[in-house]
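Trainee: Could you take me through one part of this model slowly, and show me how it connects to what lies around it?

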Amino acid sequence: QVQLVESGGGLVQAGGSLRLSCAASGLTFSNYAMAWFRQAPGKEREFVAAISWSGPTTYYADVVKGRFAISRDNSKNTVYLQANSLKPEDTAVYYCAARGYGPTRTGEYDYWGQGTQVTVSS
């Protein structure tokens, strides 16, 4: 049974920072690419960032590039999203995802977490 559990969301003022975590269990973590997606109210889910199995390759959506950083600690079976210089447009539910292939910017992932809410106020 695979489980992905996100944490670290909350309310923050524009310009602030949050660090999201996703703890994985039930899989060989280092064999999976990991990603973060987000979904704002009334909008479609969108790609945020992804990282390869061992961490050397990362991908970012253009709207977060330079502000967000994805990383992973395979010894802890955890992937992180450091979100800096947050904007109100970043408000969304953030989801962690796992894929038994290389990372992709599409939603072709095998497992998904329950999501954690990020709210950025003006």
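Mentor: Happily; here is a close look at one tyrosine, its strand and the links around them.

First, a word on the ground rules. This is a predicted model, in which local features need pLDDT of at least 70 and side-chain atom pairs count only at pLDDT 80 or more, while totals for chains, interfaces and linings use all residues. Residues are numbered from 1 along each chain as its sequence is written, and side-chain values use heavy atoms, with hydrogens and water left out.

Let's start at Tyr 94, which lies in strand 9, residues 92-99. Helices (H or I, at least four residues) and strands (E, at least two) are DSSP runs numbered from the N terminus. Tyr 94 is buried, with a relative accessible area of 1%; buried means under 20% relative accessible area, exposed over 50%, and partly exposed in between, using a 1.4 Å probe and protein chains only. Leaving aside residues up to four places away in sequence, Tyr 94 touches a set of residues that includes Glu 6, Trp 36, Arg 38, Phe 68, Leu 81 and Val 118. Contact here means heavy atoms within 4.5 Å. Of these, Leu 81 is 13 residues from Tyr 94 in sequence, with 9.8 Å between their C-alpha atoms. A polar atom of the Tyr 94 side chain also sits 2.7 Å from the backbone oxygen of Asp 90.

Now step back to the strand. Seven of the eight residues of strand 9 are buried, so the strand is largely enclosed by the rest of the structure. Strands count as paired if DSSP finds at least two bridges between them. Strand 4 (residues 33-39) runs antiparallel to strand 9, and seven bridges join them; Ala 33 has Arg 99 as its bridge partner. Strand 11 (residues 116-121) is also antiparallel to strand 9, over three bridges, with Ala 92 partnered by Val 118. Strand 10 (residues 111-112) pairs with strand 9 in the antiparallel sense through two bridges, and Ala 98 has Tyr 111 as its partner there.

Asp 90 deserves a second visit. The side chains of Asp 90 and Arg 38 form a salt bridge at 2.9 Å, N to O. This pair links distant parts of the chain: Asp 90 is in the loop between strand 8 (78-83) and strand 9, whereas Arg 38 is in strand 4, 52 residues apart. A salt bridge is a side-chain nitrogen of Lys or Arg within 4 Å of a carboxyl oxygen of Asp or Glu. Asp 90 also meets Arg 67 in a salt bridge, at 2.8 Å, N to O. Arg 67 lies in the loop between strand 6 (58-60) and strand 7 (68-73), so its pairing with Asp 90 ties together parts 23 residues apart in sequence. Both Asp 90 and Arg 67 are buried. Through shared partners, salt bridges join Arg 38, Glu 46, Arg 67 and Asp 90 into one network. Within it, Arg 38 and Glu 46 meet at 2.6 Å, N to O; Arg 38 is buried at 5% relative accessibility, whereas Glu 46 is partly exposed at 34%.

Finally, strand 9 has a covalent tie. A disulfide, meaning a pair of cysteine sulfur atoms within 2.5 Å, joins Cys 22 to Cys 96 with an S to S distance of 2.1 Å. Cys 22 lies in strand 3 (residues 18-25) and Cys 96 in strand 9, so the pair ties together parts 74 residues apart in sequence. The link is left-handed, with -80° about the S-S bond, and both Cys 22 and Cys 96 are buried.

Technical notes
Polar contact = N/O pair within 3.5 Å; in protein donor to acceptor, adjacent residues only side chain to side chain.
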